[in-house]
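Dear colleague,

I am passing this structure on to you, and below it you will find my notes on what turned up in it. Please read them with the coordinates open.

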Amino acid sequence: MIKLKRWLPSPPLSLALFVVWLLLNQSLDAATLLLAAILAIAVPILTQSLRPATVRMRRPGLALRLAGVVALDLVHSALTVARLLLTRRGSGMSPRFVRVSLQLRDPNALAVLAMILCLTPGTAWGEISLDRSTLLIHAFDVEDEAAFVATIKARYERPLMEIFES
């Protein structure tokens, strides 16, 4: 147990790397196992400075509820984008960049927000201001910009603030 954290700074990452290496090689011979172990130890040590701050999730129940909301939103958005592509012409859609002022500051929460927006069909994270106060989102079809901003803030930003910052 002496200095175990130094050799395995992220045990889940090490385990995942070990398993993925074995799956990619489809072999359990000694050389493959040895290389998997070396990678499982070396990669987390070498990339430790690249990982964001330690996550402190304060409300795991809310995180599960947010995951459900996001899953439903992904399906709804995919169906909406498909419908728009099949029924409207280019002039009938309103793609635009929308600025959203943010209260969210935690880097992990911002990363989750980025993933949500990039995974959602019809939206893409454009940029975030240097002071992290404004987010630029490209949306496929926005008729009411204020309602779009209110939706982002209510469905994603507020729960993320409760999960990561409260």
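How many salt bridges does the count come to by the rule used here? The count comes to six, where a salt bridge is a side-chain nitrogen of Lys or Arg within 4 Å of a carboxyl oxygen of Asp or Glu. Please keep in mind that this is a predicted model, in which local features need pLDDT of at least 70 and side-chain atom pairs count only at pLDDT 80 or more, whereas totals for chains, interfaces and linings use all residues. Residues are numbered from 1 along each chain as its sequence is written, and side-chain values use heavy atoms, with hydrogens and water left out.

Salt bridges

One of the six joins Glu162 to Arg59, with 2.2 Å between the closest N and O atoms. This pair links distant parts of the chain, since Glu162 belongs to helix 6 (residues 145-164) and Arg59 to the loop between helix 3 (30-46) and helix 4 (60-87), 103 residues apart. Helices here are DSSP runs of H or I with at least four residues, strands are runs of E with at least two, and both are numbered from the N terminus. Glu162 counts as partly exposed because its relative accessibility is 31%, and Arg59 falls in that class at 37%; buried means under 20% relative accessible area, exposed over 50%, and partly exposed in between, with a 1.4 Å probe and protein chains only.

A salt bridge is also formed by the side chains of Arg155 and Asp73, at 2.8 Å from N to O. Arg155 lies in helix 6 and Asp73 in helix 4, so this contact ties together parts that are 82 residues apart in sequence. Asp73 counts as buried, because its relative accessibility is 13%, while Arg155 is partly exposed at 33%.

Asp141 and Arg88 meet through their side chains in a salt bridge of 3.2 Å, N to O. Here too distant parts of the chain are linked, with Asp141 in the loop between strand 3 (134-139) and helix 6, and Arg88 in the loop between helix 4 and strand 1 (96-101), 53 residues apart. Arg88, Asp141 and Glu143 are joined into one network by salt bridges that share partners. Within that network, Asp141 is partly exposed at 21% relative accessibility, and Arg88 is partly exposed at 26%.

Backbone and surface

Which residues other than glycine have a positive phi? Gln26 has a phi of about 50°, and Arg132 has one near 60°. Gln26 sits in the loop between helix 2 (11-25) and helix 3 and is exposed, with a relative accessible area of 72%, whereas Arg132 is found in the loop between strand 2 (123-128) and strand 3 and is partly exposed at 36%.

On the surface, Trp7, Ile41 and Ile45 make up a nonpolar patch with about 270 Å² of accessible area together. Patches consist of residues with over 30% relative accessible area and no salt bridge, like charges being joined within 9 Å and nonpolar side chains (Val, Leu, Ile, Met, Phe, Trp, Tyr) within 5 Å; accessible areas come from the Shrake-Rupley method with a 1.4 Å probe, and for residues only the protein chains shown count as cover. Trp7 belongs to helix 1 (residues 4-7) and counts as partly exposed, at 48% relative accessibility.

With best regards
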